[in-house]
Amino acid sequence: MKQFTLGKVLGLLLIVNAGLFFAQKSLAEDSQNVDFIALAKSIVKNDAKENAERERVSKLALAEQKRLLRQTNQEIAEEEKEKQRLKALFDKNEDDIATLQEKLDLASGTLGEVFGVAKESALDLIPSLEDSMTSAQFPDRITALRFAETSKVPTLLELQALFSSFESEIVESGKIELLDLPVVALDGKTSPKQVLRIGTFSAMDERGNYLAWDLSKQQLSELPTQPSETFSQIPQLDTAIPTTLLIDPTRGELFALLDREPTLQERIAQGGNIGYIIIALGLIGLLIGLYQLLKLLKAELGVRKQLQSQDLRQDNPLGRVLHAVKSADVENDNDALELKVDEAVMAELANLEQGQSFLKLLAAVAPLLGLLGTVVGMIATFQSISVFGTSDPKLMASGISQALMTTVLGLVVAVPILFAHSVLTSRSRRIIQILQQKSFGALGSLNQIDSKAA
């Protein structure tokens, strides 16, 4: 009985504890649920405020856009009105211009054609005056002819200016005047100088240098390259002594070509490396020819002195040959004596003909090198044609220049070397002939002496 009661008590205690546990848990959950709800309410409230602010800003922006739209529509309407007004004014002006043009045509009559011809003449005259050296003396006369570039009717003063321009250009083309005009020097500085203007063609400064007309600057300028016939000062043309002057009828274009003409150094450079080789061989041949010519002149002078002297001298070929004949140790043997004479003459022959074979070789090699340069230049020309075509002749000019210049250099070197070889050969043969004649004469004298002794 007591045990049963104790068990019940224990069971009740367990039930009570379990109830208390679940009750505490339920209270904790209720407290958490209450915090989440408050947080959610605050978030919803903040979102509502933000949405309200956004709506307020959107309404303000919409109101501003509507205002701008009304303003733009108003401006468009005003511009349309202005457009219609301007169009009406333009149409009215067109009608007025047409009416005035009809009145002008009726009033001018045949003068309209005269005005047209005057404008065409002025347009043709302006470039001629700009290209004329007389513009340096009359720089403002072109301004009076600018009416030709407008559509207005030329006035009487403008027509008179056109006539005066024609007349002055004709008159000044036949004058030779000494003027003080600004001249652009080669360093680019402009300074006043005394200028002798010869018609509309040529001019020269106080030092006698020819001047060119710079069309772009409308000024006189010194020529970079002067013609061959120049003066130390301006020639006096008012005297009775005749004076020769160069005149460029193209108004400076021919004189300008002098600056484009290549110099001797530039022409040599066009031959390239082969051209320099040809020139080097020519200089070597020239030195050898001069040296050998001096030797032959010295030998010939020595031979002449030996012919006038009875004493044998060793400083000339004839003296050495005669000495070799007289000193020959051959008794009663004509063949051996002749061989001795031939040996002495041959020894001098080698010295007299020294360098002649090399000159002959140079005379033959120089044209061949020129031909080689021609082939190389043509190959370079065809290569440029294959790469760039024939549209630009300047690309082919270097190869053609090399081809032509090497040929010229080869011939220029070969011709004087060939003449030098001919001169040296003739002089050496003349000396050798004298040696042979005198040596055989001396040999004959020895034979006569031996025969008498026998």
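# Reading a predicted model: helices, barrel and core

In this predicted model, the secondary structure of the protein chain amounts to ten helices and five strands.

Visitor: How do you know how far the predictor trusts the protein chain?

Guide: On a confidence scale that runs from 0 to 100, the protein chain averages a pLDDT of 77, and 74% of the residues score at least 70. Among the elements, helix 3 (residues 156-172) has the highest mean pLDDT, 86, whereas helix 4 (residues 253-260) has the lowest, 68.

Visitor: What makes residues 449-454 a stretch to treat with caution?

Guide: Over residues 449-454 the pLDDT stays under 50, and the model has one contact for them beyond four places in sequence. Where pLDDT is low, predicted coordinates should not be read in detail.

Visitor: What makes strand 1 and strand 2 a pair?

Guide: Pairing requires at least two bridges between the strands, and nine bridges join strand 1 (residues 176-184) to strand 2 (residues 190-198), the two running antiparallel. Along this pairing, Asp180 stands opposite Gln194 in strand 2, and Val183 stands opposite Ser191. The two strands form a hairpin with five residues between them, and in the turn Gly188 has a positive phi of about 90°.

Visitor: How do you know that strand 2 and strand 3 pair as well?

Guide: Set against the requirement of at least two bridges, strand 2 and strand 3 (residues 202-204) have three, in the antiparallel sense. Ile198 stands opposite Ser202 in strand 3. Here too there is a hairpin, with three residues between the strands, and Gly199 in its turn has a positive phi of about 60°.

Visitor: Which strands close into the barrel, and in what order?

Guide: Five strands close into a barrel in the order 1-2-3-4-5, with mixed pairing. From one strand to the next the twist averages 50°.

Visitor: Why are helix 6 and helix 9 called roughly antiparallel?

Guide: The two helices pack at an angle of about 170°, with their axes 10 Å apart. Angles over 145 degrees count as roughly antiparallel, and helix 6 and helix 9 are therefore described in that way. Where they meet, the residues of helix 6 include Ile278, Leu281 and Gly285, while those of helix 9 include Leu359, Leu362 and Gly373.

Visitor: Which residues have the most contacts inside the largest nonpolar core, and which helices supply it?

Guide: The largest nonpolar core has 25 residues, and those with the most contacts inside it are Ile278, Leu352, Ile417, Ile431 and Leu435. Helix 6 (272-307), helix 7 (317-326), helix 8 (334-352), helix 9 (356-388) and helix 10 (394-453) each supply at least two residues of this core, and the largest share, eight residues, comes from helix 10. Beyond residues up to four places away in sequence, Ile417 touches Leu281, Gly282, Gly285, Leu359, Leu362 and Ala363.

Visitor: Why is Leu361 called partly exposed?

Guide: Leu361, found in helix 9, has a relative accessibility of 48% and so counts as partly exposed, a class that lies between the cut-offs of 20% and 50%. The C-alpha atoms of Leu361 and Leu418 are separated by 9.5 Å, although these residues lie 57 residues apart along the chain.

Visitor: What share of the protein chain is buried?

Guide: With burial taken as under 20% relative accessible area, buried residues make up 27% of the 454 residues in the protein chain. As for its contacts, among those between residues at least 6 apart in sequence, 63% join residues at least 24 apart.

Technical notes
Residues numbered from 1 in each chain as written. Predicted model: local features only at pLDDT ≥ 70, side-chain atom pairs only at ≥ 80, totals over all residues. Heavy atoms only, no water. Helix = DSSP H or I, 4+ residues; strand = E, 2+ residues; numbered from the N terminus. Contact = heavy atoms within 4.5 Å. Axes fitted to C-alpha atoms, helices over the stretch in contact; angles between N-to-C directions. Core = buried A, V, L, I, M, F, W, Y, C linked by side-chain atoms within 4.5 Å. Buried < 20%, exposed > 50% of the residue type's maximum accessible area, 1.4 Å probe, protein only. Parallel < 35°, antiparallel > 145°, perpendicular 65-115°, else oblique.
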